[in-house]
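Hello,

Here is the structure we talked about. Please open it and keep it in view while you read my notes below.

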Amino acid sequence: MAVADSPVPDLADRATACAERLRAADRVLLASHIDADGLTSAAVASTALARAGIDHEVVFEKQLDDAAIEGIAATGYETVLFTDFGSGQLDAIAEHEAAGEFTPVIADHHQPADADTELHLNPLLEGINGASELSGAGASYVLARALEGSDGDNRDLAALAVVGAVGDMQDSDGELVGANAAIVRDGVDAGVIETRTDLDLYGRQTRPLPKLLEYASDVTIPGVSNDEAGAISFLADLDIDAKRDGEWRRWVDLDAAERQTLASGLMRRAVASGVPADRIESLVGTSYTLVDEEAGTELRDVSEFSTLLNATARYDRADVGLAVCLGDRVDALAEARRLLRTHRRNLSEGLQWVKTEGVTHEENLQWFDAGSRIRETIVGIIAGMAIGSPAVDRSKPVIAFAEESADELKVSSRGSHALVRRGLDLSAVMREASRAVGGDGGGHDVAAGATIPIDERDAFLAEADRLVGEQL
Ligand code: C5P
Ligand code: C5P
Ligand code: ZN
């Protein structure tokens with residue numbers, strides 16, 4: 001493939017080298033991470049490998065720790081493709097490579113460790129932001145484009161890449177930018193994605209209008225948000241039919257004029273209630289619609305699709321999420337929807353628990369310890385939701401703890417772009433503070449995590465507080 005054809009030209013040479021190695025392999029082990037971005041990364045890479053006629057097997061890991069890497073080495077595969085993780089674990093991976101156990105090929109977007117390897121596709125190595133411009137699924141997509149063969153150019157896989165980027169919250173300023181935007185253009189050209197400036201509330205495809213308004217968590221509108229009766233009476237005051245045949249309509253059921261009426265009514269209410277201008281602006285954003293999916297389903301809107309995927313993989317059912325990504329619209333989709341109900345309930349109960357208990361403030365950060373009340377695989381999502389809520393002070397990062405096992409504690413941290421601009425790098429904080437107490441961690445500047453020994457919470461917090469203080 002010519003460099004100019006790559007959706008992300010800065011990564012084209014790396015992608016070509018990785019693709020060549022994969023084509024030369026007899027068979028490949030594909031290992032990926034258990035979240036929406038990891039699942040879509042695996043689906044993009046697996047589809048591209050299959051189309052290129054490369055025999056492979058897919059496995060998922062919650063954390064690519066030393067034990068997981070050893071397990072991967074023990075499979076005997078000579079070529080291992082890591083997607084959505086691998087960069088942060090290169091110190092350990094490089095040792096296995098040096099021992100001749102396997103050749104790693106990495107398509108990732110996390111902060112790399114100190115060691116490096118030859119076949120390494122990561123936006124951060126080319127000055128592209130790995131938290132806001134390219135996700136793991138995006139890196140896999142760049143690789144998939146380099147693997148393109150006679151049966152197509154793989155641009156249809158842009159749909160899944162965009163689900164991954166949005167699943168990692170890379171559109172948190174209202175739209176996808178940089179390399180992600182180039183992938184969106186590919187998807188639009190290929191006829192699989194449609195973009196539109198739209199009301200930026202979660203649930204446009206599936207939520208009945210009152211729920212859409214009531215549960216909107218990013219912008220709080222007094223008398224509407226978290227207020228069922230308020231949301232219903234707000235709708236009643238608008239000049240639209242919010243119900244049809246006795247059933248609440250959804251955002252997708254409204255025509256353009258009705259959407260306009262609802263959106264401007266919401267803005268007027270926000271202005272009148274004194275919601276700050278920048279928050280009001282964030283009520284509008286770009287929506288990404290997967291045009292081949294049925295209207296009114298979770299799969300049609302990339303944001304709802306990514307939640308559906310998290311509901312599988314973060315509950316040990318990555319197989320279900322992967323099957324949905326690969327096109328199963330019957331059994332796997334039904335199972336994913338069942339898991340989604342549990343996931344939604346867990347998120348809402350977890351967030352409520354944080355709001356009720358509150359956070360503890362240190363000088364430079366704030367934290368909560370959910371113990372076993374919040375599943376460790378979703379405590380990071382809840383920390384992210386909490387930082388957008390009034391329960392948490394936006395001027396400091398938040399650190400969340402949850403029990404991972406009898407002797408390990410999971411740590412998740414979330415900041416904001418404003419804090420990152422002032423120097424915050426949570427990936428460095430998590431790595432250094434965890435290593436200081438015998439654990440390990442990493443991630444992105446704005447969102448990172450770690451695992452530490454269960455007794456080391458307070459020592460870890462003291463070190464993290466000191467490190468954040470140095471950064472800010
Ligand atoms: O493991 P991975 O890279 O896929 O996960 C990224 C995490 O970072 C997600 O949980 C996502 O919600 C979080 N994130 C965030 N704010 C951003 C970008 C990412 O909280 N602006
Ligand atoms: O688990 P959590 O959602 O808090 O993870 C935030 C980010 O930190 C993700 O991108 C995740 O892959 C990364 N992470 C990591 N090493 C860990 C834990 C999390 O790189 N031990
Ligand atoms: Zn990711």
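**The sheet**

Start with the open sheet, which has six strands in the order β10-β11-β12-β13-β15-β14 and mixed pairing. Keep in mind that this is a predicted model. The edges of the sheet are β10 (360-361) and β14, and each of these pairs on one side only.

Now look at two of the pairings. Strand β12 (residues 398-403) runs antiparallel to β13, and six bridges join them. Within this pairing, E403 stands opposite L409 of β13. At the other end of the order, β14 (residues 440-443) pairs with β15 (residues 447-453). This pairing is antiparallel too, with four bridges. G443 has A448 in β15 as its bridge partner. Three residues make up the hairpin that joins β14 to β15.

**Ligand 2**

The sheet matters for the next stop. Which residues come closest to ligand 2? They are H110, K410, S412, R414 and G442, out of 15 that surround this ligand.

Check the polar contacts next. S412 places a polar side-chain atom 2.5 Å from an oxygen atom of ligand 2. For H110, a polar side-chain atom is 2.7 Å from an oxygen atom of the ligand. G443 takes part through its backbone: a polar atom there is 3.3 Å from an oxygen atom of ligand 2.

How much of ligand 2 does the protein bury? Alone, the ligand exposes 450 Å², and the protein buries 87% of that. Three elements give two or more residues to the shell: β13 (408-414), β14 and β15. By class, the shell holds three nonpolar, nine polar and three charged residues.

**Ligand 1**

Ligand 1 also has 15 residues around it. The nearest are D35, H110, D168, R414 and H444. You have met H110 already, among the closest residues to ligand 2. R414 is in that list as well.

Here are three contacts to find. A polar side-chain atom of H444 is 2.6 Å from an oxygen atom of ligand 1. The side chain of H110 has an N or O atom 2.7 Å from an oxygen atom of ligand 1. For D84, the distance from a side-chain N or O atom to an oxygen atom of the ligand is 3.5 Å. Taken alone, ligand 1 exposes 480 Å², of which the protein buries 89%. The shell divides into four nonpolar, six polar and five charged residues.

**The zinc ion**

Last, go to ligand 3, the zinc ion. Which protein residues are its donors? They are D37 (OD), D84 (OD), H109 (NE2) and D168 (OD), at 2.1 to 2.3 Å from the ion. Along the chain, their spacing is D-x46-D-x24-H-x58-D. D84 sits in the loop between β3 (79-83) and α4 (90-98), while D168 sits in the loop between α6 (158-167) and α7 (179-189), so this pair ties together parts that are 84 residues apart in sequence.

Are these two donors buried or exposed? D84 has 0% relative accessibility, so D84 counts as buried. D168 is at 22%, so D168 counts as partly exposed. The cut-off for buried is under 20%.

**To recap**

D84 is a donor of the zinc ion and has a side-chain atom 3.5 Å from an oxygen atom of ligand 1. D168 is another zinc donor, and D168 is also among the residues nearest to ligand 1.

Best wishes

Terms used. Residues are numbered from 1 along each chain as its sequence is written. Chains are lettered from A and ligands numbered from 1 in the order in which they are written. This is a predicted model: local features need pLDDT of at least 70, side-chain atom pairs count only at pLDDT 80 or more; totals for chains, interfaces and linings use all residues. Side-chain values use heavy atoms; hydrogens and water are left out. Donors are N, O and S atoms within 2.8 Å of the metal (3.2 Å for Na, K and Ca); water is not among the atoms, so sites may look incomplete. Buried means under 20% relative accessible area, exposed over 50%, partly exposed in between (1.4 Å probe, protein chains only). Two strands pair if DSSP finds at least two bridges between them. A residue is near a molecule or strand if one of its heavy atoms lies within 4 Å of it. A polar contact is a pair of N or O atoms within 3.5 Å; within protein, one must be able to donate a hydrogen and the other to accept it, and residues adjacent in sequence count only if both atoms are side-chain atoms. Accessible areas come from the Shrake-Rupley method with a 1.4 Å probe; for residues, only the protein chains shown count as cover. Ala, Val, Leu, Ile, Met, Phe, Trp, Tyr, Cys and Pro count as nonpolar, Asp, Glu, Lys and Arg as charged, and the others, Gly among them, as polar.
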